[in-house]
Amino acid sequence: MKRMTPWLLPIVQVLIAVGFVVLVYAVTWFGQTYTFKATSYEPYDPFFSDSIYLEYESFKGRQDVDPGTVYVTFKTDEDGYATVDRVSSRPFFGGTRANYFDRQVYIDDLSSYRIPESEVELIRGEKDFEVEVDVAPWGMVRAHELRPIEAE
Amino acid sequence: MDEMTGQRLVDYENERLAGREKREHKPPILVIIGSILLALSLFSFVAANWQAIPDLLKVSIFLIFMVAMYVTAEQLQTRAPRYVTLFRVLGIVFFVATMIVIFTTYNLSSQIPLLFWLMFGVAVLHKLIYQHPIFTFIAALAAFLANTNSFQGVGLTLIILGFIITWAWFHYVDNEIDRIFAWFSFYGLLITVGQYANYEGRFWPIWALVILHVLFLIYRERAQWNYLYLFVAALLSIGYLINATEGWLSQRQPSVLEATVLSALLVAVYLLHRRPELVWVSLLAVVPFSLFEDSGILLAIFLEAVALGYLIWQDHNRKPIVLAFIYFLLVQMTIYFIYVWDRLDISLFFLIGALIVFALSLALWWRNRTRGDVRT
């Protein structure tokens, strides 16, 4: 036991790091997939950043809660895109934490998307996207695919 | 010079020669430069291809570096004990770097409060296991970050986790500075609990201070952090004085019931513990009632009297009066900026202040002198 003590910390720290990574993949394993419609302010240019900032049309609109931290769930509308379902100021199990102000819901983890090297050419110069988002039963979200929508 | 001395001289020369040879065994300068260049090329290769590296490999690279730091620290234990702590600190640094890589790669910005609490816990574990003062500093930094980042929308699990870590720090680390930081972490957590419970009134900072007196019930023998309560009480009194006339304090009338209960508790807590210094903390009992009066004059007069009384009391008991004096001055400044700014000429105000201070120091000096006379 005495000999083990110095090694406790590296082990704990590796477990914490691995735990976070597993948590992220668990969102995909156990989560439900929603398709969101998103736009960015300007066409994506990989020269400036490997991330893209996204806005969601379906998050706009008046909600029946006080501004500030809110918790939301999602549902799929008739047009096939997801939108906000339940909104509450009190935390509940399965709710995703978000901010509500200026009549709009903001979800930190969805507001930017890091584009992998292999998708850069596909995304370059595009503004309108479909985003595949996994939502875990415990409320974590993970955007995992970005597809440009062809302008009709 | 006899044979013995000659032999010793020969031995000495041999030893010196051996020592010199050993020193010349250092790696030649070209090898050092070469390995530095190699390391640089490796680093730049990784950096240039960073985006192309698979996510899991990125995390693994950092984790391997982190473990390597701890292994190096253990290896150096006997050979170069001076550098052991350095490598352990580097271990924490690489842990933080790993977490930053994970958080940016997987876009986990909403989990940042959890990350800060885990960092805090890891720092406390370092302090517990390795017992080096630098880890106190790291733990305090992590505690500050964790507390300030969890004001908004923190969950119950995080609050419980925070309490467990803070308590472990407070209970198991037998060091006064650690206790002071842990105490502040407790206070910050209690403030966060108020946020979580959606407390709407204005007295939560005082409630948190009252609740913290529970620590005295469990740790009876540790009287040395009485002054923390005094310090926070002083800060609170000035904070309430500043806000008494404006902003969030005067928008809504406080509840009479709450003010009564809070005041009674403050006095009860003092009566329960009977620590002489804490009588000054229990004077906060007046604050809830003074807020019913919008102008704040009552609070100003009261705090003025308390500041003066504390100063005289400290001197009477032959205790250091520096802090009491600073508090007295702070109350003067606050009252000046809030109440007298546009009503009194600035020089007149400072003249009166100076006269008060002069009179005070004269009185103290006079008393000390006469007391000294009696003793001799």
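Two strands are counted as paired where DSSP finds at least two bridges between them, and with that in mind the tour of this predicted model can begin at a sheet in chain A.

**Stop 1: the sheet of chain A**

Colour chain A by secondary structure and look for an open sheet of four strands, which runs in the order 5-4-6-7 with antiparallel pairing. Strands of a sheet pair through backbone hydrogen bonds, either parallel or antiparallel. Strand 5 and strand 7 (104-106) of chain A stand at the edges, and because each has a single partner strand, one side of each is left without a neighbour in the sheet. If you turn the view along the sheet, keep in mind that the twist from one strand to the next averages 50 degrees.

**Stop 2: the hairpin of strands 4 and 5**

Now select residues 68-76 and 82-88 of chain A, which are strand 4 and strand 5, paired in the antiparallel sense over five bridges. Show the backbone here and step through the partners: T76(A) has A82(A) of strand 5 as its bridge partner, while K75(A) stands opposite T83(A) of strand 5. Five residues lie between the two strands of this hairpin, and in it G80(A) takes a positive phi near 90 degrees.

**Stop 3: where chain A touches chain B**

Next, display both chains and select the residues in contact between them, 22 from chain A and 26 from chain B. On the side of chain A that touches chain B, helix 1 (5-30), helix 2 (108-111) and strand 8 (112-114) each supply at least two residues. Helix 1 of chain A gives the most to this side, with 13 residues. If you colour the side of chain A that touches chain B by residue class, you will find twelve nonpolar, four polar and six charged residues.

**Stop 4: chain B as a whole**

Hide chain A and survey chain B, which has 17 helices and zero strands. Of the 376 residues in chain B, 27% are buried. Among contacts in chain B between residues at least 6 apart in sequence, 66% join residues at least 24 apart. For colouring by domain, chain B is divided into domain 1 (57-107), domain 2 (109-198), domain 3 (206-343) and domain 4 (351-376). A distance drawn between the centres of domain 2 and domain 4 of chain B, taken over C-alpha atoms, comes to 45 Å.

**Stop 5: the nonpolar core and helix 5**

Which residues have the most contacts inside the largest nonpolar core? They are F120(B), A123(B), A139(B) and A142(B), in a core of 108 residues. Select residues 112-130 of chain B, since this is helix 5, from which the largest share of this core, ten residues, comes.

Leaving out residues up to four places away in sequence, F120(B) touches A139(B), A142(B), A143(B), A146(B) and I165(B). Then centre the view on A123(B), which is placed in helix 5 of chain B.

Why does A123(B) count as buried? A residue needs 20 or more other C-beta atoms within 10 Å to be called buried, and A123(B) counts as buried because it has 25 C-beta neighbours inside 10 Å. Setting aside neighbours within four places in sequence, A123(B) is in contact with I92(B), F135(B), I138(B), A139(B) and A142(B). As a last selection, add W183(B), which is 60 residues from A123(B) along the chain, with 16 Å separating their C-alpha atoms.

Notes. Residues numbered from 1 in each chain as written. Chains lettered and ligands numbered in written order. Predicted model: local features only at pLDDT ≥ 70, side-chain atom pairs only at ≥ 80, totals over all residues. Contact = placed C-beta atoms within 7 Å. Nonpolar A, V, L, I, M, F, W, Y, C, P; charged D, E, K, R; others polar. Buried ≥ 20, exposed ≤ 12 C-beta atoms within 10 Å, placed from the backbone. Core = buried A, V, L, I, M, F, W, Y, C linked by C-beta atoms within 7 Å. Domains from an automatic or database assignment. Axes fitted to C-alpha atoms, helices over the stretch in contact; angles between N-to-C directions.
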